[in-house]
Amino acid sequence: MSPISPGTERLTELRCWQKCHPHLVDTLIAMAAFLMVVIGSATQPNTMDGRPHIGERELNSQTVVLAMIGCAALILRRRAPLPVLCLTTTVTVVGLMLAPNTGAPSDSRAPLAVASVIALYTVCAHTDRSMSWRAGAATVVAVTTAGMLFGARPWFAQENLGIFAWTGLAAAVGEAVRSRRAFVDAIRERAERAERTREEEARRRVAEERMRIARELHDVVAHHIALVNVQAGVASHVMDKRPDQAKQALAHVREASRHALDELQSTVGLLRQSGDPAAPTEPAPGLGVLDELVDSFHRAGMDLEVQGPEPGAPLPSAVDLTAYRVVQEALTNVQKHVGVRAHARVRIERSRQALEITVLDDGAGECVPPVESGGGHGLIGMRERAAALHGHCEAGPQEDGGFRVRVVLPLQPGAQKDARDGLP
């Protein structure tokens, strides 16, 4: 971080002080303007040696009173800019009109325009463009005309031209300051709006990522835990009468729990930093390892028939993973709700436009009393996975008993409508 120079610190402190004490600043400006009017009225700028001489002009009480009225009004220039401009302009015009029209050095009251210049700058800097143009034009015309008609002679004397130049410059500078302030405010507003948009986008992405992780963890863990639950129930049921079968069921429990821990570790490992050497390097599961999934259900006692897709080009990774998770979750639900002797059939069909997964069961199984648990989110997760790929999922009971899950996943962007129309 670069060090801040003392000059920059002092300038920042001065700006902060000005914002905290605006009325005091205006009072100091009014006093400085009064001093400038008095000194300017008493100074003779046109001398033989080319240098101004202070005190060579007559400073009468009328000029001092007018200067006090015009400059005192500047204290209220922030709270009432237009009334202050009208008052200072009136004072300047009245002062020029009341001056003797003799052309003598003591006749010049052009410095009275200092208060009008400051008030005009304030109006142009703090109002809209239309008002600043109207106020600037009216002030320049009024004060300059008064100076040329009633001020120093000839009408093009430097005092009169100076009034025109200073009032026009005040209007231009005030308009430039107002435009720059509006430009900076617009940039700041756009930056704040962009920052809010980025924050909202970040929160949305975080929410989506949390949902995806929760769905992935549910699909990974629910399958194996359901198998553990079923096998544990079988072991408990046959422990006394058939200890050999109970031992086999416990072996399946141990194997299923080991697979659950491995998949859980792999999934949670995806949350590690990319440079962490402990991060998993194995690809996500897909239909290529569907046989292992089917074997696990066979070992759990499910009568399962699988009709896989015809060999073809590799599926997109997202579609492949979603298809695997749909089959896994659907069969897990069959295992939990139907029983250990459930009859299920899996059919996976692939076309050029979409991949269709159908899981059916007949509802006939040997139920083992399950462990009570809360409501699951398996069907919700399947629908969310399908919707994430612009696919569709339908699930519900069949008329002759059992349950059916059907998911259509488009393989091409143009196949989304076809996938939607393919559902009954």
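**Exercise 1.** Where do Arg-178 and Glu-175 lie, and how many residues apart are they?

*Solution.* This is a predicted model, so keep that in mind as you work. Start with location: both residues sit in helix H7 (residues 158-238), 3 residues apart, about one turn of the helix. Next, check the side chains, which meet in a salt bridge with an N to O distance of 2.7 Å. Finally, look at burial: Arg-178 is buried, and Glu-175 is too.

**Exercise 2.** Work out whether Arg-204 and Glu-201 are buried or partly exposed.

*Solution.* First, find the pair in helix H7, 3 residues apart and so separated by about one helical turn. They form a salt bridge, with the closest N and O atoms 2.4 Å apart. Now the cover: buried means under 20% relative accessible area, and exposed means over 50%. Arg-204 has 37%, so call it partly exposed. Glu-201, at 29%, is partly exposed as well.

**Exercise 3.** Check the length of helix H3, then find which of its residues are buried.

*Solution.* Take 1.5 Å a residue: the 12 residues of H3 (residues 61-72) should span 16 Å, and the end C-alpha atoms are indeed 16 Å apart. The buried residues are Thr-63, Leu-66, Ala-67, Gly-70 and Cys-71. Down the axis of H3 they fall within an arc of 120°, so they line one face of the helix.

**Exercise 4.** Which residues share a salt-bridge network with Glu-394 and Arg-404?

*Solution.* Begin with the Glu-394 and Arg-404 side chains, which meet in a salt bridge at 2.5 Å, N to O. Glu-394 is in strand E6 (residues 392-397) and Arg-404 in strand E7 (residues 403-410), 10 residues apart. Shared partners then join Glu-356, Glu-394, Arg-404 and Arg-406 into one network.

Conventions. Residues are numbered from 1 along each chain as its sequence is written. This is a predicted model: local features need pLDDT of at least 70, side-chain atom pairs count only at pLDDT 80 or more; totals for chains, interfaces and linings use all residues. Side-chain values use heavy atoms; hydrogens and water are left out. Helices (H or I, at least four residues) and strands (E, at least two) are DSSP runs, numbered from the N terminus. The expected span of a helix is 1.5 Å times one less than its number of residues. Buried means under 20% relative accessible area, exposed over 50%, partly exposed in between (1.4 Å probe, protein chains only). The arc is that of the directions from the helix axis to the C-beta atoms. A salt bridge is a side-chain nitrogen of Lys or Arg within 4 Å of a carboxyl oxygen of Asp or Glu.
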